[in-house]
Structure formats: structure tokens, C-alpha cells
Amino acid sequence: MARSILITGCSSGIGRHCALGMARRGWRVFATARNEADLAALRGAGARYGLEAIYLDYADEASIEAALNSVLAATEGRLDALFNNGAYSQPGALEDLSSAVLRAQFDANFFGWHELTRQVIPVMRRQNTGRIVMNSSVLGLVALGFRGAYNASKFALEGYTDTLRIELAHTGIEVVAIEPGPIESRMTENAVAAFHRNVDIDASVHAAYYRRRLASMEKGGNTFGQLGPEAVLEVLIEACEAPNPATHYAVTRQTRIAAFGRRLLPRRLLHKAATRATN
């Protein structure tokens with residue numbers, strides 16, 4: 001039986017590329033998305049490789065359970081790998097984000113991941129093997145301003161992943177964090193939509209910064225050092241197939257610099273650098 005992997009957030013970017021790439025390698029891929037048009041596109045693109053597309057919304061626990069049940073029914077109760085990937089970025093100063101907006105960010109970027117992961121763990125325990133891979137971020141290592149909701153969700157994910165790795169030691173389940181930096185995707189486009197939806201720009205003391213930042217984002221944002229999603233696929237393959245995968249994979253130069261700075265720079269100097277990068 002082909003090895004099976006469940007990948008979330010496959011409507012575009014990293015998730016879609018990784019789903020198709022793993023299917024081409026012979027994995028039985030279950031790719032999730034929230035939009036029926038995206039699911040249909042996935043089925044069409046992955047038909048020759050046997051890719052199966054399933055509805056899952058991290059903010060809807062019933063959909064998480066239903067998606068996993070569909071996967072397990074198709075694989076006779078087995079799942080070899082889980083790649084938690086689906087997420088979005090909510091821009092805005094923390095003082096301009098309501099608790100409801102912050103909660104929604106965590107539902108999509110953290111609590112939904114937890115619910116799916118905790119349902120997968122017993123499956124992998126029974127097998128005595130499995131890979132749980134979390135797609136984190138450079139912003140889970142070093143925070144930047146006006147990205148506080150996303151920073152917080154990824155910092156939480158880093159702590160969660162490290163804790164899970166400790167708790168699952170000696171079970172045969174490997175827990176891995178992938179830490180991309182700038183990767184070509186629809187992240188900026190979706191962030192602009194979230195910005196307009198949830199931030200009252202005119203009422204904010206940061207209005208001038210917001211307008212300047214939005215003008216840049218609407219043109220595609222800063223793409224310096226950006227890599228294609230194939231860079232994440234490369235490390236996902238190793239995370240899922242290597243006999244002894246690394247605990248963390250830094251994907252881009254920005255992530256490696258951030259990890260280096262976090263280890264070696266005084267915290268005050270690191271914060272000054274982050275302030276300059278934000279502005």
C-alpha cells in the first residue's frame with residue numbers, strides 16, 4: 001500500500017505544490033481546501049497521480065473530524081504523515097485588532113491544527129510510526145511589527161511543536177517544524193483582504209503607515225529573497241522520508257539569518273533590527 005499523507009491548505013502556494021509533488025513521488029495524497037472550486041481544481045490537476053481532494057476548514061471542528069474519517073476509511077485506518085499547512089496572515093497593529101479577529105487568526109493557524117493533530121496521534125500510535133510536520137514561519141522565530149496576530153500564532157506553534165516532540169518521544173512518531181521565509185504564494189493577496197475586512201484604517205493612529213504598507217502589498221509586497229514553493233516541497237520530502245529527519249528545517253536565507261540572530265544577538269539588538277525591518 002502506498003504511503004499516505006494528509007496535507008491541509010492546498011488551494012494554492014505551498015500546499016498545492018506539495019500535494020502535487022508528493023503525489024508525483026508515489027505518495028497517496030489527501031489534499032484539503034475550503035472552497036469547492038479549489039477542490040475541483042486539485043482533483044483535475046492531481047487526477048493522473050491519484051490525488052484525492054477533501055473539504056476541511058480549520059475553524060470548523062466537524063469538518064476536521066469528517067475529513068480525517070474520510071482519509072482513514074480510504075486507507076483502512078492508516079495515515080503515514082500529516083502536513084499541517086493551511087493558514088493566513090492578519091495584518092494590523094495589535095491595538096487595532098479586536099479579540100474576535102485575534103481569535104479567528106488562532107482558530108485557523110493554531111487551534112484547528114491542534115484539533116486535527118490530536119485526532120491523528122492515536123492513529124499513528126497504533127501504527128508505532130508516523131510523521132507530523134508543521135509549517136511554521138520565520139515569524140515564529142523573530143517578530144515584526146504590525147503582524148502581531150500572525151507572529152503570535154506562529155510563536156505558539158513553535159512551542160507546541162517542541163512540546164509535542166518531547167511527549168511523543170519513543171512512540172515512533174517524528175514531529176518536525178518547517179520554517180519558511182518569503183515563499184511565492186497568495187499569502188500577501190489574502191492578507192490585504194483580511195486587512196480591509198478587519199482593520200478600521202481611518203480611525204487608527206497608524207493610518208499613514210497602513211496606507212504606505214497597503215500600497216506596497218497591493219503591488220505584491222517585498223519579494224526580496226523569495227523562493228518558489230518547491231523549496232518547501234524539498235524539505236517536506238526529507239521530513240517525511242528521511243530515517244532520522246531534523247527537528248527543524250529553515251527554508252530561506254531570511255529564516256536562517258533569523259535563527260542565527262535569535263541564538264547569538266542580544267535581545268535588545270535583535271529588537272532594533274526588527275524595528276528597522278518593520279519600518
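Arg25 is partly exposed, at a relative accessible area of 45%; on the scale used here, buried means under 20% relative accessible area, exposed means over 50% and partly exposed is what lies in between, worked out with a 1.4 Å probe on protein chains only. Before going on, note that this is a predicted model, in which local features need pLDDT of at least 70 and side-chain atom pairs count only at pLDDT 80 or more, while totals for chains, interfaces and linings use all residues. Residues are numbered from 1 along each chain as its sequence is written, and side-chain values use heavy atoms, with hydrogens and water left out.

Back to Arg25, then. Its partner is Glu241, and the two form a salt bridge with the closest N and O atoms 2.7 Å apart; the term asks for a side-chain nitrogen of Lys or Arg within 4 Å of a carboxyl oxygen of Asp or Glu. The pair links distant parts of the chain, since Glu241 sits in helix α8 (residues 230-241) and Arg25 in the loop between α1 (13-24) and β2 (28-33), 216 residues apart. Helices and strands here are DSSP runs (H or I over at least four residues for helices, E over at least two for strands), numbered from the N terminus. Glu241 counts as partly exposed too, at 24% relative accessibility. Arg3 also comes into the picture: Arg3, Arg25 and Glu241 are linked in a network of salt bridges.

The structure has 8 salt bridges by this rule, so let's pick out a couple more. Glu52 and Arg28 meet through their side chains at 2.7 Å, N to O. Glu52 lies in strand β3 (residues 52-55) and Arg28 in strand β2, so this salt bridge ties together parts that are 24 residues apart in sequence. Both ends are partly exposed, with Glu52 at 25% relative accessibility and Arg28 at 26%. Another salt bridge joins Glu36 to Arg43, with the closest N and O atoms 3.2 Å apart. Arg43 is partly exposed, at 36% relative accessibility.

Now for the rings. A search of the whole structure turns up 8 aromatic pairs. Rings of Phe, Tyr and Trp (its six-membered ring) pair if their centres lie within 6.5 Å, and planes under 30 degrees apart count as stacked, over 60 as edge-to-face and the rest as tilted. Take Phe110 and Tyr160: their ring centres are 5.5 Å apart and their planes at 80 degrees, so the pair is edge-to-face. This pair also links distant parts of the chain, with Phe110 in helix α4 (residues 99-127) and Tyr160 in helix α5 (residues 148-167), 50 residues apart. Phe110 is buried at a relative accessible area of 14%, and Tyr160 counts as buried at 18%. They have company, as Phe106, Phe110, Phe111 and Tyr160 form one aromatic cluster.

Phe146 and Tyr210 make another pair: with centres 6.1 Å apart and planes at 85 degrees, the rings are edge-to-face. Phe146 is in the loop between β5 (130-135) and α5, while Tyr210 is in helix α7, 64 residues apart. Tyr210 is buried at 1% relative accessibility, whereas Phe146 counts as partly exposed at 21%.

Helix α7 brings us to its neighbour α6. The buried residues of α6 pack against α7 (207-218), where contact means heavy atoms within 4.5 Å. Helix α6 (residues 187-198) has 12 residues that should span 16 Å at 1.5 Å a residue, and its end C-alpha atoms are indeed 16 Å apart; the expected span is 1.5 Å times one less than the number of residues. Its buried residues are Ala191, Val192, Ala194 and Phe195. These cover an arc of only 165 degrees around the axis, which puts them on the same side of α6; the arc is that of the directions from the helix axis to the C-beta atoms. On the face turned away from that buried side, α6 carries the exposed residues Glu189 and Arg197.

Finally, look at helix α10 (residues 267-278), with 12 residues reaching 16 Å from first C-alpha to last, close to the 16 Å expected. Its buried residues are Leu270, Ala274 and Thr278. Seen down the axis of α10, they fall within an arc of 75 degrees, so they line one face of the helix. An α-helix has 3.6 residues a turn, so residues three or four places apart point the same way. The buried residues of α10 pack against α7 and α9 (253-264), while the face turned away from the buried side carries the exposed residues Arg268 and Arg276.
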